[in-house]
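Subject: Structure handover

Hello,

Here is the structure I promised to pass on. Please open it beside this email and follow along.

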Amino acid sequence: MTYRCPRCGSDRIATKGYARRAACAVGMIAGAVGGAAGATTGAELGAVAGLVAGPPGAVVGGVAGAIVGALFGGAAGGAAGAVLGEVVDENILDNFVCLSCEFSFGKTNSEVPAQEFYES
Ligand SMILES: [Zn+2]
């Protein structure tokens, strides 16, 4: 989708994505913490499975379970945060900035039909 600057009509538009980046980071941290907490189960399962291979297997299994849990949680949280932040960016913040005249505008403003700029 191409946006045009409501002020000068330029199509050199950049997205700021402030909320997206912030929410992604927050979501990733929250997800990693939640994932690590949930990974206790994963660590226990890993430890039990690792017991078959002896005590060193239990340690490796436990650590692997915790890491996998944190990674999955972090990735899921980050993805969820990014989606949420994108909604905030697009609907609440002035997410677009014109590279020609540095005018910031939001989604609603950018939905002005592009032809208007050529006709007037
Ligand atoms: Zn402009």
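Start at E102. This residue sits in the loop that links strand 2 to strand 3. Is E102 buried or exposed? E102 has a relative accessibility of 67%, so it counts as exposed. Its backbone deserves a look too. The phi angle of E102 is near 60°, a positive value in a residue that is not glycine.

Keep in mind that this is a predicted model. The mean pLDDT of the chain is 79, and 84% of the residues reach at least 70. Confidence peaks in strand 2, at 92. The low point is helix 4 (residues 115-119), with a mean of 46. Across residues 113-120 the pLDDT stays below 50. Beyond near neighbours in sequence, that stretch has five contacts in the model. Please read that part with care.

Overall layout

The chain has 120 residues, and 31% of them count as buried. Its secondary structure consists of four helices and three strands. Read from the N terminus, the order is β-α-α-β-β-α-α. Look at the contacts with a separation of 6 or more: 67% of them join residues 24 or more positions apart.

The sheet

How are the three strands ordered in the sheet? The order is 1-2-3, the sheet is open, and the pairing is antiparallel. Strand 1 (13-15) and strand 3 (104-105) are the edges. Each has a single partner strand, so one side of each has no neighbour in the sheet. Strand 2 covers residues 96-98, and three bridges tie it to strand 1. Find I13 and look across: C98 of strand 2 stands opposite.

The zinc site

C98 brings us to the metal. Which residues coordinate the zinc ion? They are C5, C8, C98 and C101, each through its SG atom. The distances run from 2.2 to 2.3 Å. Why is the arrangement called tetrahedral? The four donor atoms subtend angles of 106 to 115° around the zinc ion, and all angles between 85 and 135 degrees is what four donors need to count as tetrahedral.

Now trace the donors along the sequence. Their spacing is C-x2-C-x89-C-x2-C. Two of these cysteines can be compared by accessibility. C98 is buried, because its relative accessibility is 1%. C101 is partly exposed, at 23%. How many disulfides does the structure hold? The count is zero.

N95, before strand 2

Step back along the chain to N95. N95 lies in the loop between helix 2 (55-91) and strand 2. Loop or not, N95 counts as buried, with a relative accessibility of 7%. What does N95 touch, leaving out residues up to four places away in sequence? The list is A14, T15, K16, G17, D89, E90, F105 and G106. Of these, A14 and T15 belong to strand 1, which spans 13-15. F105 belongs to strand 3, which spans 104-105. D89 and E90 fall within helix 2, which spans 55-91.

Helix 1 and helix 2

Two alanines show how these helices meet. A43 is part of helix 1 (residues 18-51). At a relative accessible area of 18%, A43 is buried, since the cut-off is under 20%. Leaving aside neighbours within four places in sequence, A43 contacts G61, G62, G65 and A66. Those four residues fall within helix 2 (55-91). A43 and I67 are 24 residues apart along the chain, and their C-alpha atoms are separated by 8.5 Å.

The second alanine is A70, in helix 2. Is A70 buried or partly exposed? A70 is partly exposed, because its relative accessibility is 23%. A70 and G34 are 36 residues apart in sequence. In space, their C-alpha atoms are 7.5 Å apart.

That is the tour. When you go through the model yourself, begin with the zinc ion and its four cysteines. Then move to the sheet, and after that to the helices. Leave residues 113-120 for last, given their pLDDT below 50.

Best wishes

Methods
Residues are numbered from 1 along each chain as its sequence is written. This is a predicted model: local features need pLDDT of at least 70, side-chain atom pairs count only at pLDDT 80 or more; totals for chains, interfaces and linings use all residues. Side-chain values use heavy atoms; hydrogens and water are left out. Two strands pair if DSSP finds at least two bridges between them. Donors are N, O and S atoms within 2.8 Å of the metal (3.2 Å for Na, K and Ca); water is not among the atoms, so sites may look incomplete. Four donors count as tetrahedral if all angles lie between 85 and 135 degrees; four count as square planar and six as octahedral if opposite donors are over 155 degrees apart and all others between 65 and 115; anything else is irregular. Buried means under 20% relative accessible area, exposed over 50%, partly exposed in between (1.4 Å probe, protein chains only). A disulfide is a pair of cysteine sulfur atoms within 2.5 Å. Contact means heavy atoms within 4.5 Å. pLDDT is the predictor's confidence in each residue, from 0 to 100.
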